[in-house]
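Below are some notes for a colleague who is opening this structure without having seen it before. They are meant to be read with the structure at hand.

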Amino acid sequence: MAFYVVQFLTGLASAASLFLVASGLSIIFGVTRIVNFAHGAFYMLGAFVAYTLTERLSGALGFWGGILLASLAVAVFGVLIEMILLRRIYRSPELFQLLATFGLTLMIEDLVILIWGPDDLLGRRAPGLRGAVDFFGQQVPSYDLFLIVLSPIVLGILWLLFRRTRWGVLVRAATQDRDMVAALGVNQKWLFTSVFALGVFLAAFGGALRIPRDAANHAMDLSVIVDVFVVVVIGGLGSIIGAFVAAVLVSELNAFGILIFPKISIILVFLVMAVVLIVRPWGLFGKPEAPARKTPGLTVQPWRPLSANERVAMIGVLIVAAALPLFGGTYVLTVASEIAIFVIFAASLHFLMSVGGLASFGHAAYFGLGAYGVAFLAKMAGLPMIVCLLIGPLLGLLGAAVFGFFAVQLSGVYFAMLTLAFAQIVWSIAFQWVSVTGGDNGILGVWPAAWASGAAAFYWLSLGVAVLVVAALRAMTFSPFGYALRATRDSALRSEAIGIDNKRIQWTAFVIAGTAAGIGGALFAFLKGSVFPDNVGISLSVDALVMVLLGGVETISGAIVGAIVYKALNIWLVSHTDLSKLVLGAVIVLIVVAMPKGIVGMIETLQARRGRSTKSAMLASRVESAE
Amino acid sequence: MSAAPVLLVVEGLTKSYGGVHAVRDVSFSLSAGEILALIGPNGAGKSTCFNMLNGQVTPGGGRVRLLGRDTTGEKPRAVWRLGVGRTFQITATFPTMTVRENVQVALVSHHSRLFDMWSSAPKLARDEAERLLDLVGMNGYADRPCGELAYGDLKRLELAIALANQPKLLLMDEPTAGMAPRERVELMRLTARIAREQSIGVLFTEHDMDVVFEHADRILVLNRGSLIAEGVPEEVRRDPQVRAIYLGEGLVYDARHRDGAPA
């Protein structure tokens, strides 16, 4: 019995950090409507800065002062970022905000490695709380007890701040209607900045408080952000009480889940989240949001199928691409095969997010499932390559069917957070279920059949499959189904009113996109000859997002151009610099701020402008001749 | 008119939001080819009433019978399949599509081809879409992006979309709100003409009394959630209670006044 109580207390103690970070995220979202992906990065910064300060400053005052000082320093850093970057994108579509803050996360990751080095850092124990309390024969660290007491205190302080101060009233008013608050003469800029400062302070404080318990490491930003997303989805975005209750719930589920399903404890959290989403899609303490104010698109150029000339040009490009083995060596062909595979991956995400308006932040899950599907079939069942390629992607289909069903119940940022959480669950299973997936060691020796083992042959295979998949997705974009999907994206109200079952259309699109991603993953497994949990990882999901964004999220062929440019740039960067994340993050931030239309979008805009100017010139000349 | 089949029967429709009775015990019926106006001051419950009829809001009590079927609490898409077209107070269209495509999507849905993944949608039901656009006088706009239309044109496009499933009943929530006076009269005359030709029943809410008294066969007056008057325009116009609450004493919406209206 005592054992269970101790387990319960451990759960409560880990809930403290989670609550601090989640409440910060919730407060920021409530007022600015930005889901701050970089929140995990601020949490990590808090831990590292606190490590340095507590090492330098001595004594109890030095330790506690160091923790507070670190949180304040990170909050100041957060304010700078808010003023320089976020102020520029408050009116951008949600997807861009999520991506910009993700770019920040990447940059901060590399900065942390630059400053503190690649090793994990274990901080010193908290003065006065080094020991443990004996609890019916079980030891409970006194620091854990301190954390357990701390989170209700923080909750109380936040409550007082929001109920009893003028600033708190403004924040609550802005959470309900920020435009109205601005119309009443409140300086919105500084309100947003101060809210962001508080949110970042809470995140950094959560990170700083962790160092006596766990080492500060370089993966803690992404691991915490996933947990936090799960917490706010369960508790309800914008609700601090919700963040508290859900943080405790998730931590306890983790603490006891380990006892029940030691290998895949995360399943339990997933099940609870799924139930909450079915019963209350807006979270336990959240309020059902009014349909989000539609961010106007960047362009209003309707999509159209390729003209006859463009088709011929496309075939010409394909012939050149198919001739690559004539003048490229093995390395070039391998890189080109990889690019072809990523074209499939990016095109599949594009179908979901540009055509369907559903920006998945966990699309790698279905890519990875396709790869694992092939690996299982090839290694365990010993099936021939063609059969593997045909059946393997079905695992992606299956995953997309299950997760997609829940994901399409939500939209916007909730959809993004949920898909990310699902992908992380797949990742955890791949990582933890060692007996089946090989865990971190992956599954090796997934080699293609003899006929496809040459670099040229495999390249032609990848290119052929890529052409087929892209053509199929494009045909679907212009099929009645594609139109129905775009209808659900453009106006859910209208599409429902003309007999379209929005959720069913979106679910179908999710399954199609997941299957296509699975096809890409299946080829990828054969290209690399192995499968690792990384093939399901967050960074791969974000790669796909950046490809679509770089090419142009509102164009039809943007994903293809984006995949080619991004992948080539990425391969080149990784081989030329150690700081690829820093560069990549900066590129993402730059795209969002400077060229949100992407490459293809920019070209189309220029063409349209030129077209319009020639038309007006013609008109002018006609007017002149009429005179 | 008496031989026309009854399309819509509403019995004791009720809805309250946390103690506020938005709609209280509203009953009425509507026959094919009849144009029925629902008027009343702001906050009278017109939109709530409307949204319950096509399933966007679940009624708190009462029954809605459409074409002889009990549709109380059914989803908007199910109600649409029965042959009910809907336009919105604030237009809801598909801004990234062309005008023609907006209508084509509705036609695709009407022909039950939503899950057809291989045909070419731009070619599908093209003529039919053009005919509908012709009907509402939008034929010149077919290839224009819907996102750049003027508001009055959007309202006409909505009408074309609403007519795509060959509806027996049209529900129009403030069909002319936000339009210029001249356009208002034109749109309502167009709607009335189509409705009479195809004997479609029309239920509409409206604040423009010129439009209401010109076209409505019957008028329902709603105040604070309850029906306070019902009848042909003449009766409603004379009703002292309606005058006190809504129409006021000064204006007389009669034939002379109407002819003087901008047209």
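A salt bridge here is a side-chain nitrogen of Lys or Arg within 4 Å of a carboxyl oxygen of Asp or Glu. The model is a predicted one, and the points below should be read with that in mind.

1. A pair in chain B. By that definition R144(B) and E148(B) form a salt bridge, their closest N and O atoms lying 3.3 Å apart. R144(B) counts as partly exposed, because its relative accessibility is 31%. E148(B) is also partly exposed, with a relative accessible area of 42%.

2. A pair within one helix. E186(B) and R182(B) meet through their side chains in a salt bridge, at 3.7 Å from N to O. Both belong to helix α6 of chain B, residues 181–197, and because they are four residues apart there, about one helical turn separates them. E186(B) is partly exposed, at a relative accessible area of 47%. R182(B) has a relative accessible area of 53% and is exposed, because the cut-off for that class is over 50%.

3. A pair that joins distant parts of the sequence. In chain A, a salt bridge links E109(A) to K581(A), with 2.8 Å between the closest N and O atoms. E109(A) is in helix α4 (residues 94–116) and K581(A) in helix α26 (residues 580–594), both of chain A, so the pair ties together parts that are 472 residues apart in sequence. Are the two partners buried or exposed? E109(A) is buried, with a relative accessible area of 6%, while K581(A) is partly exposed at 32%.

4. Salt bridges overall. How many salt bridges does the structure hold over all chains? The count is 28. Among the residues involved, E338(A), K528(A) and K567(A) are linked in a network of salt bridges. As background, side chains of opposite charge can pair when their charged atoms come close.

5. The size of the interface. Chain A and chain B bury about 2900 Å² between them, and carbon and sulfur atoms give 68% of that area. P480(A), Y483(A) and R494(A) supply 24% of the area that chain A buries against chain B, which is more than any other three residues. Counted by contacts, 31 residues of chain A touch 37 residues of chain B. Such sizes are often given as the accessible area lost when the parts come together.

6. Polar links across the interface. There are three salt bridges between chain A and chain B. Between these chains there are also 14 residue pairs in polar contact, counting pairs with both residues at pLDDT 80 or more. On the chain A side, the elements that give two or more residues to the surface touching chain B are α20 (455–477), α21 (480–490), α22 (492–497) and α23 (502–528). Which of the elements gives the most to that side? It is α21(A), with eight residues.

7. R77(B) at the interface. This residue, R77(B), is found in helix α2 of chain B, residues 76–81. Its side chain meets that of E496(A) in a salt bridge, at 3.3 Å from N to O. A polar contact of 3.4 Å also joins the side chains of R77(B) and D501(A). Leaving aside neighbours within four places in sequence, R77(B) is in contact with E496(A), G499(A), I500(A) and D501(A).

8. A buried acidic residue in chain B. D208(B) lies in the loop between β8 (201–205) and α7 (209–215) of chain B. With a relative accessible area of 14%, D208(B) is buried, because the cut-off for that class is under 20%. The side chains of D208(B) and R184(B) are joined by a polar contact of 3.1 Å.

9. A nonpolar patch on chain A. M1(A), F3(A), Y4(A), I258(A), L259(A), I260(A) and F261(A) make a nonpolar surface patch of about 740 Å². Two elements of chain A, α1 (2–32) and α10 (240–260), give two or more residues to this patch. The largest share, three residues, comes from α10(A). One of the patch residues, L259(A), is placed in helix α10 of chain A. L259(A) is partly exposed, with a relative accessible area of 36%.

Technical notes: Residues are numbered from 1 along each chain as its sequence is written. Chains are lettered from A and ligands numbered from 1 in the order in which they are written. This is a predicted model: local features need pLDDT of at least 70, side-chain atom pairs count only at pLDDT 80 or more; totals for chains, interfaces and linings use all residues. Side-chain values use heavy atoms; hydrogens and water are left out. Patches are made of residues with over 30% relative accessible area and no salt bridge: like charges are joined within 9 Å, nonpolar side chains (Val, Leu, Ile, Met, Phe, Trp, Tyr) within 5 Å. Accessible areas come from the Shrake-Rupley method with a 1.4 Å probe; for residues, only the protein chains shown count as cover. Buried means under 20% relative accessible area, exposed over 50%, partly exposed in between (1.4 Å probe, protein chains only). Contact means heavy atoms within 4.5 Å. Buried area is the accessible area (1.4 Å probe) that two parts lose on being put together, summed over both. A polar contact is a pair of N or O atoms within 3.5 Å; within protein, one must be able to donate a hydrogen and the other to accept it, and residues adjacent in sequence count only if both atoms are side-chain atoms.
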